[in-house]
Amino acid sequence: MQNPKLRTLTRRGFVGAAAAGLVALSTGRPRGSSQAAPADVAAPIRGVVMVPETLTLENWPGRAKQAGLNTFVLHHPESPEALLQYVRSDPGKVLLAQCTAARINVEFDFHAMRDLVPRELFDKDPSLFRMDDQGRRTPVRNFCVHSAAALQTASENAVKYARAFPTTTGCFYYWSDACAAWCRCPKCRDLSDSDQLLVVENALVAALRKAQPEAKVAHLACHASMPAPQQIKPAPGVFLQYAPVRRRYDIPYSEQTGRDEVDSLWFLEQNLKVFPAKTAQVLEYWIDVTRFPPGTGPLPWNRDRFLADLKTYTSLGIRHFKSFANGVDAGYVKRHGEPTFVPEFGRALEKLFQ
Ligand SMILES: [Zn+2]
């Protein structure tokens with residue numbers, strides 16, 4: 001769901017980001033714990049989501065705070081393990097210290113299943129893994145949700161990552177690999193991809209709540225999991241995160257309502273019959289430069305259309321909003337000047353529930 005250029009987050013990438021500015025921004029080594037100070041977690045979320053490679057603008061968390069935002073999310077398109085490497089690197093520590101200084105919440109999200117059920121287990125036990133449409137078990141993406149061993153392994157690793165990432169909100173985002181298809185084995189095939197994902201999320205939240213009773217796990221509605229679950233109900237603590245990446249941005253979302261239109265508002269309405277609106281998050285792409293060709297800006301920002309979208313979402317009871325903000329980096333400022341849409345985005349969200 002990201003620009004292919006951002007899909008590989010390597011150690012070289014971290015070093016590159018550091019060289020491009022992050023480390024130079026440090027006002028000294030972070031003191032004590034890298035965990036950010038908890039801000040008001042009960043407040044409606046106003047957040048940005050970014051991959052580390054695009055964090056080349058000076059003090060993004062400080063800018064986010066200045067813009068009226070209260071949550072900064074680090075994202076990896078493929079792997080919690082890779083994001084953890086960044087968090088533990090010097091640039092990662094600097095970034096978390098900046099979040100602490102800005103008193104802004106920190107979260108982490110990633111397409112996680114390949115690390116929750118490590119792919120190297122395939123040789124030992126293919127039954128952990130998903131069956132494709134041709135009836136073959138494959139380690140490519142996700143796993144078999146009727147494998148008790150796979151669910152157990154996923155749960156144990158989710159707990160491990162929950163301990164390792166210094167999130168300040170108690171919300172955890174373990175997304176399916178590439179938002180792609182799940183298992184087609186005889187036991188799984190009658191469950192939709194959304195239902196299979198929810199089976200996993202229900203298992204993860206149960207495991208996380210043994211140590212952290214208030215833990216929450218996102219159900220990401222996106223691509224294959226965009227249709228609402230039909231057979232499985234969310235366990236307490238599983239909330240909707242709705243990411244209509246394939247919607248149109250040239251017209252207001254209120255004009256995209258057909259059930260046959262990709263990622264239309266109809267899908268949100270169906271999901272809100274399963275998940276409560278008051279805990280649901282919208283994960284949008286309003287200020288993600290990489291979402292819009294050529295991927296380097298200028299962002300086709302239309303404030304009125306954005307405000308109309310906010311009205312549409314809030315009329316359905318949505319209170320929590322995030323946008324990807326990839327590509328809003330030092331290069332963008334050089335090419336197009338200061339991104340005024342960031343404070344316009346943040347301030348509008350701030351005004352929503354005042
Ligand atoms: Zn299966």
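Two residues are taken to be in contact if their C-beta atoms, placed from the backbone, lie within 7 Å. By this criterion, in the predicted model examined here, 78% of the contacts between residues at least 6 apart in sequence join residues at least 24 apart. The protein contains eleven helices and ten strands, and 50% of its 354 residues are buried.

Helix α6 was examined in detail. This helix comprises 17 residues, numbered 148-164. From the first C-alpha to the last, α6 reaches 24 Å, close to the 24 Å expected at 1.5 Å a residue. Seven positions are of interest with respect to burial: A150, L151, A154, N157, A158, Y161 and A162 of α6 are buried. These residues cover an arc of only 145° around the axis, which puts them on the same side of α6. On the other side of the helix, A148, E156 and R163 are exposed. The elements covering the buried residues of α6 include the helices α3 (80-87), α5 (113-116) and α7 (193-211), together with strand β6 (171-175).

The packing of α6 against α7 was then considered. The axes of these two helices come within 9 Å and cross at roughly 50°. Because angles from 35 to 65 degrees fall outside the roughly parallel and roughly perpendicular ranges, α6 and α7 are therefore oblique to each other. The crossing of α6 past α7 is right-handed. On the α6 side, the contact is made by L151, A154, S155, A158, V159 and A162; α7 contributes V200, A203, L204, A207, L208 and A211. Among these α6 residues, L151, A154, A158 and A162 also belong to the buried set.

Conventions. Residues numbered from 1 in each chain as written. Predicted model: local features only at pLDDT ≥ 70, side-chain atom pairs only at ≥ 80, totals over all residues. Helix = DSSP H or I, 4+ residues; strand = E, 2+ residues; numbered from the N terminus. Buried ≥ 20, exposed ≤ 12 C-beta atoms within 10 Å, placed from the backbone. Expected span 1.5 Å × (residues − 1). Arc of directions from axis to C-beta. Axes fitted to C-alpha atoms, helices over the stretch in contact; angles between N-to-C directions. Parallel < 35°, antiparallel > 145°, perpendicular 65-115°, else oblique. Left-handed = near helix turned anticlockwise from the far one by under 90°.
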